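I opened this notebook to keep track of what I looked up, beginning with one pair of chains and ending with one residue.

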Amino acid sequence: MPVNDTYTDVLIIGGGVVGCAIARELSRYRVRVALVEKELDVGFGTSSRNSGVMHAGFNYKPGSLRAKVDVRGNALMDDLCRDLGLKIKRIGKLTVALDEADVPTLNRLKEQGDANGVPGLEIIPPQTMQKLQKGVEGLMALHSPSSAIISPYALTIALAENAAANGATIRLGREVTEIRRPAAPGESFEVTTVSAEDGRKETFRAKVVVNSAGLFSDAVCRMAGITDYRIYPCRGEYYVLDKRLDGSLSTLVYQAPKPNAPGLGIHLTPTVDGNIIIGPSAEYIDGREDHACTADVMAALRKEGHDLLPSLRMSDFIRNFAGIRAKQTPPEVGGNLDFVIEDRKDVPGFVNLVGIESPGLTSAPAIAEMVRDMVAAHIPLAERDDFNPRSGRSPFFFSELPPDVRADMIAENPNYGEIICRCEQITKQEIIDAIKNPLGAKTLISIKYRARATMGRCQGGFCLPRITRILRDEFGWKPENFLLRSVRSPLYAGHVREDKGGDVR
Amino acid sequence: MTLAIRRLKACVAVIGGGPAGLAAAVAARNAGCGDVLLIERDRILGGILNQCIHDGFGLHTFGEALSGPEYAGRYISMFRERNIRSLEDTIVLSLAPASEGGLEILASSRAGLVAIDANAVILAMGCRERPRGAISIPGDRPSGVYTAGAAQNLVNLENIQIGKRVCILGSGDIGLIMARRMTLEGASVESVFEILPYSSGLPRNIQQCLNDYNIPLFLSTTVTKIHGRGRLEGVSVAQVGADRSPVPETERYVPCDTLLLSVGLIPENELSRMCGVEIDPVTSGAVVDDTFMTSVPGVFACGNVLHVHDLVDWVSVEAAQAGAFAAAYAAGSAPEAGIPVKPGDGVRYTLPQRVSGARDCTISLRVGAPWRDRSIVVRTPGSASEERRIIKRTKMVRLHPAEMIRVDLKAADFAGASGLEVCVE
Amino acid sequence: MSVREYTCVVCPNGCPLRVDVEERDGCPVVVSVLGNVCKRGEKWARQEVENPLRTIASSVPVAGGDFPMASVRTNRPIPLVKIRAVMDEIRDIRLSAPVNTGDVILHNPAGTDTDVIATRTVRAARAG
């Protein structure tokens, strides 16, 4: 249902994959849902900066929230991806024991996984390992067939767009600066946001506020008077490898985890689009938005890559990126605390999510179900009969369709015949669809995450001038207003020659 | 199968309408092939020359110092005068040997998908620029970092001002040309940084693009970090040691809002690889014989897709030869070339990688480091059965990695040799 | 007196030149040239020190054409010191299609003995 002025029933703070999953879940019901996201698109934080792995659930203590929502989320993913038109590849995972000390770890993980209800777990010998992944070395491995890969930014965007299609209000470029708690029971929260583009303030009045602000969830807590939590940012760096190596990995391969490690270690992960990513590292940092890549880690990732893929060339490393984990424990403590998913008794109507790091991506739809139940305790939820779970999108890029299908589509719409991104063979129509996205996101990265343009080996060298021409000549954008991802990242300074009109010759 | 996929036939298909493709198509036509088809992905012919608005093109070919568009214009005229078919705004998606012989091209345009059956194909796709990710510069990923060629396209063809305060990494000609271009259009170019101890650009460009405008060039220096959360704010630079690793104590910060990367060109051989063409790991281009045929029968290569050139005049010469040979192949001649040519001391690569001894030919090569007063020596390598023999010695005053060297050989001089080696003495 | 080092660009030999230069009435004058293999190098060095000449290229917007910009260049070298003044004049130019390669866009800009000519042909765009 559309938000009436600035009144809403539920206000979700944070448009990452969890916030967007909550928005979509709540849009099934006759309730007003609004989501505010401080960046200029959904998913610009940790949600787009991770390995894209759907974890099976054997890494988590039985009885923990993490175990519960991960296993449930994993089970929901096939239907969700089918409905939203997203690729998912159930390639499974091998967790490998490299030496004898790892064997008890594997046994523990198997027991843990069985207790968590993870399907199909099996400890397998080297011959079986070889059948799943040629050349993999180790004493034995835990095979989890339900491990899978998806595109994390595509999932986040699809969730948000489906929520919007079903009546949720998604407001981009809105940063929450103040939260005033209800003056009396039954009254609303007042949440103030500031617009990134023009600094304008807005106030949202909501019966229920959901804090899904990720790396800033502790700051949002403090705005609501909750001081229990502190987030410690822990950065993970990645490399993206050329699609030339597509097919080198048939399954995920991880080393058996070491206790108290802040993450699951550096590994090679295939992506659903045919790249391979190496990473992530783990480094506690000060800045929550410090996505820089560092020389030491990059060198370590390159070495790891060469060790694991002997045919790797320097030109195969096409890009770096980094994501930041929202950890609840400082570096001296390390490890992982359980997810915080709570309906605060001390602040009634404040549903609080803190420390949703891995497996937050897998868990998102299950966390949304839990949040829905918490919301239902405050607002009666009646199902809509016109909720449409389907996005109507194809999971495939145009270039992945068979030639005769493509030929017919081009005959009907010539924009499908014009290739704009040479490396990924992305067509003009796909670029136009990305520009005209239903959320109204207006950055180059928004086009990239929707249409895949600039993600190939030339990293935009060929398509950027062409996309620029389309934005300027067909959509009337002024070059000085083209943004990479935020109001602080303009691509251009304007025109070389400004329009003067007429012939001065 | 839908009727929506057009089928075309061509005797010789040329992929790419830049200087190589144009010269090859014209030569194929001149050699008697009546059925040449050129496929170009841009809406105009001319390729990279369209954005190279500075002069210096054509001194050898036309005896004039033309701009890139003018040089392209001359060849486009020759092309049009011969009524050669062209498909513009058409991009080749795949290339493969056809089951019945010949080659099959699948291409896409607004008019639809088109399948082209050709007896011979000339690869003339040019090259792409090495991006930031491939040279692993640490730091943030703000807006304002461009490869020099993409910047040249935006400034020269789209009238876009990309930034005001510019640093350039890489002193190859593209970086130098853009230093001048940005300065002339009102930007302030702070510095050019070059990781090697010498510039890889022509001396004329060092003088006329840097010295004229007091833009400093720092050799043995590289960018060690990029700073800026939104737009670029500055770069850290440091000197490098003999192993090309940064020396941390020399690191300093240079404020700027634009960083241009001119850090190498990579021949665009995705289609070639798709077709099974053997690629030389040093040139990143096809392994060819003295007819410019690759390891796949009927597939020829010329221009920057074969090896990165510095003078367009030699692209035109090379492409004309490839065009003529492709036409001959399509008409039924199938020459063989069995004499391998290898780079020796001081030489980074030689091309073609095989010659026949039945024809005169030209060996193109690049040296690995700058030299003065040396000779390029072509000789047989010598073995148990054959004594080492010097085929040709060419004295040169100046040898530089940035300048391709061409040595003409007469067939009679080396026919019968079991191999050739080219080295610096 | 000062010493300047150049790489001669007259031919591919690229002779490294040492040029002794004196200031006379505020203008540099060549006293001697060393390192050139031929006389052309000496002549070039003198020109380069006393009155360096350059060609420049730029781009001019074209209205109503099948291409948005026409590249232009000087068809004869101009003194280095005149580059800014010539660029100022080029910056003011706006063209309308059709433009043909070789068209004179500016005649004797900033008093120099050159023309600025179009180096790209831009046809009038088809209406509709």
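I first fixed the term: a polar contact is a pair of N or O atoms within 3.5 Å, where within protein one must be able to donate a hydrogen and the other to accept it, and residues adjacent in sequence count only if both atoms are side-chain atoms. I noted that this is a predicted model, in which local features need pLDDT of at least 70 and side-chain atom pairs count only at pLDDT 80 or more, while totals for chains, interfaces and linings use all residues. Residues are numbered from 1 along each chain as its sequence is written, chains are lettered from A in the order in which they are written, and side-chain values use heavy atoms, without hydrogens and water.

Between chain B and chain C I found nine residue pairs in polar contact, both residues at pLDDT 80 or more. On the side of chain B that touches chain C, helix 6 of chain B gives the largest share, four residues (helices are DSSP runs of H or I, at least four residues, and strands runs of E, at least two, numbered from the N terminus).

I then looked up A:Asp242, which lies in the loop between strand 13 (232–241) and strand 14 (252–255) of chain A. A:Asp242 counts as buried because its relative accessibility is 5%, buried being under 20% relative accessible area with a 1.4 Å probe and protein chains only. Its side chain makes a polar contact of 2.8 Å with that of A:Arg457. Leaving aside residues up to four places away in sequence, I listed what A:Asp242 touches (heavy atoms within 4.5 Å): A:Asn275, A:Ser315, A:Asp316, A:Ile318 and A:Arg457.

Methods: Buried < 20%, exposed > 50% of the residue type's maximum accessible area, 1.4 Å probe, protein only.
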